[in-house]
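Here's a walk through a protein model for someone meeting it for the first time. Take a look at the picture, then read on.

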Amino acid sequence: RALVKRHHPDAGGDDRTILELNAAWELLRNGEPRRTPAGPDAPARQAAPSAGAVPAYGGRGPAAEAAVQQWLQQVHAPIDRQLAQVINPFPAQLKDLSADPYDDALMASFCAFLEQATARMAKVELLYRSRPCPLPVQAVGLDLYHCLSLVQDALAELERYTMGYVDSYLHDGRELLRQARLRRQALAASRLELGV
């Protein structure tokens, strides 16, 4: 955890290091490899995969490809649909609110949108953490993580705006959602390249 804090891209670290740390965490959180000695003198071990297990790291071939496809279909695609339901309606919601931000009915409607978006993002976060990202697509997983962070930060800024009508919060929230939309578009292009 200390290494992740130090090397996280948001803290000035690089993507490659954080991916290596995530892969190490996936390996270490499984109790069996931790109990078995490792190193050049350690006996070779071969762990049998549990039923329904999805390899989180390494490998090529049919099993790795199946893990990638499964992650893309069961994690990435549903998250993308939820993100669309948060990002796409925002311009219309903002346009409605801009008619008169001090109108209680318009602000109530905007607050309801933010509340629904926040609930969606809570589900998205659970889904993102439900299955480790396979190594061949960890760059996509990291981009998805950054997209989620942008949306969550945007919603926090917009929530602050509703409490005090400070325009900088609205501006920052709008810009964060714009960046999230661009990153989501890039993710869609990456997904097409992967054939899903």
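What follows goes from the overall layout to the way individual helices pack, and then to a few single residues.

First, a word on what you're looking at: this is a predicted model. The chain's secondary structure adds up to eight helices and zero strands. If you read along the sequence, the pattern is simply α-α-α-α-α-α-α-α. The chain has 196 residues, and buried ones make up 35% of them. How much of the contact between residues at least 6 apart in sequence joins residues at least 24 apart? The figure is 70%.

Now for the packing. Two packed helices are described by the angle between their axes and the distance between those axes. Let's start with H4 and H7. Their axes come within 12 Å and cross at roughly 25 degrees. An angle under 35 degrees counts as roughly parallel, and H4 and H7 are therefore roughly parallel to each other. H4 passes H7 in a left-handed crossing. On the H4 side, the residues that meet H7 are Trp71, His76, Ile79, Leu83, Val86 and Ile87. On the H7 side you'll find Val140, Gly141, Leu144, Cys147, Leu148, Val151 and Leu155. Sorted by class, this contact has eleven nonpolar residues, two polar ones and no charged ones.

Move on to H5, which covers residues 90–98, and H6, which covers residues 104–129. The axes of these two come within 9 Å and cross at roughly 160 degrees. That makes H5 roughly antiparallel to H6. The crossing of H5 past H6 is left-handed. From H5, Phe90, Gln93, Leu94, Asp96 and Leu97 take part, and they meet Leu106, Met107, Ser109, Phe110 and Phe113 of H6. Seven of the residues in this contact are nonpolar, two are polar and one is charged.

H5 also packs against H8. Here the angle is about 160 degrees and the axes are 11 Å apart. H5 and H8 are therefore roughly antiparallel to each other, and their crossing is left-handed. The contact is made by Phe90, Pro91 and Leu94 of H5, together with Leu170, Arg174, Leu177 and Arg181 of H8. By class, that gives five nonpolar residues, no polar ones and two charged ones. Phe90 and Leu94 are worth finding in the picture: they are among the H5 residues that meet H6, and they also take part in the contact with H8.

Stay with H8 for a moment. This helix runs over residues 167–193, and its 27 residues reach 39 Å from the first C-alpha to the last, close to the 39 Å expected at 1.5 Å a residue. H7 fits its expected length as well: its 27 residues should span 39 Å at 1.5 Å a residue, and its end C-alpha atoms are 39 Å apart, which agrees. Which residues of H8 are buried? They are Leu170, Gly173, Leu177, Ala180, Arg184, Leu187 and Arg191. An α-helix has 3.6 residues a turn, so residues three or four places apart point the same way. The cover over the buried residues of H8 includes H4, H5 and H7.

Alanine 186 sits in H8 too. With 44% relative accessibility, alanine 186 counts as partly exposed. Alanine 186 and leucine 144 are 42 residues apart in sequence, yet the C-alpha to C-alpha distance between them is 9.8 Å.

What about the loop between H7 and H8? Tyrosine 165 is located there. Just after H7, tyrosine 165 takes a positive phi of about 55 degrees. Most residues other than glycine have a negative phi. Tyrosine 165 is partly exposed, with a relative accessible area of 27%.

Last stop: valine 75, back in H4. Is valine 75 buried or exposed? At 1% relative accessibility, valine 75 counts as buried. Setting aside neighbours within four places in sequence, valine 75 is in contact with Gln70, Leu127, Tyr128, Ser130 and Arg131. Tyrosine 128 is 53 residues away from valine 75 along the chain, and the C-alpha atoms of the two are separated by 6.3 Å.

Methods. Residues are numbered from 1 along each chain as its sequence is written. This is a predicted model: local features need pLDDT of at least 70, side-chain atom pairs count only at pLDDT 80 or more; totals for chains, interfaces and linings use all residues. Side-chain values use heavy atoms; hydrogens and water are left out. Axes are lines fitted to C-alpha atoms, for helices over the stretch in contact, and angles run from 0 to 180 degrees between N-to-C directions. Helices (H or I, at least four residues) and strands (E, at least two) are DSSP runs, numbered from the N terminus. Angles under 35 degrees count as roughly parallel, over 145 as roughly antiparallel, 65 to 115 as roughly perpendicular and the rest as oblique. A crossing is left-handed if the near helix is turned anticlockwise from the far one by less than a right angle, and right-handed if clockwise. Contact means heavy atoms within 4.5 Å. Ala, Val, Leu, Ile, Met, Phe, Trp, Tyr, Cys and Pro count as nonpolar, Asp, Glu, Lys and Arg as charged, and the others, Gly among them, as polar. The expected span of a helix is 1.5 Å times one less than its number of residues. Buried means under 20% relative accessible area, exposed over 50%, partly exposed in between (1.4 Å probe, protein chains only).
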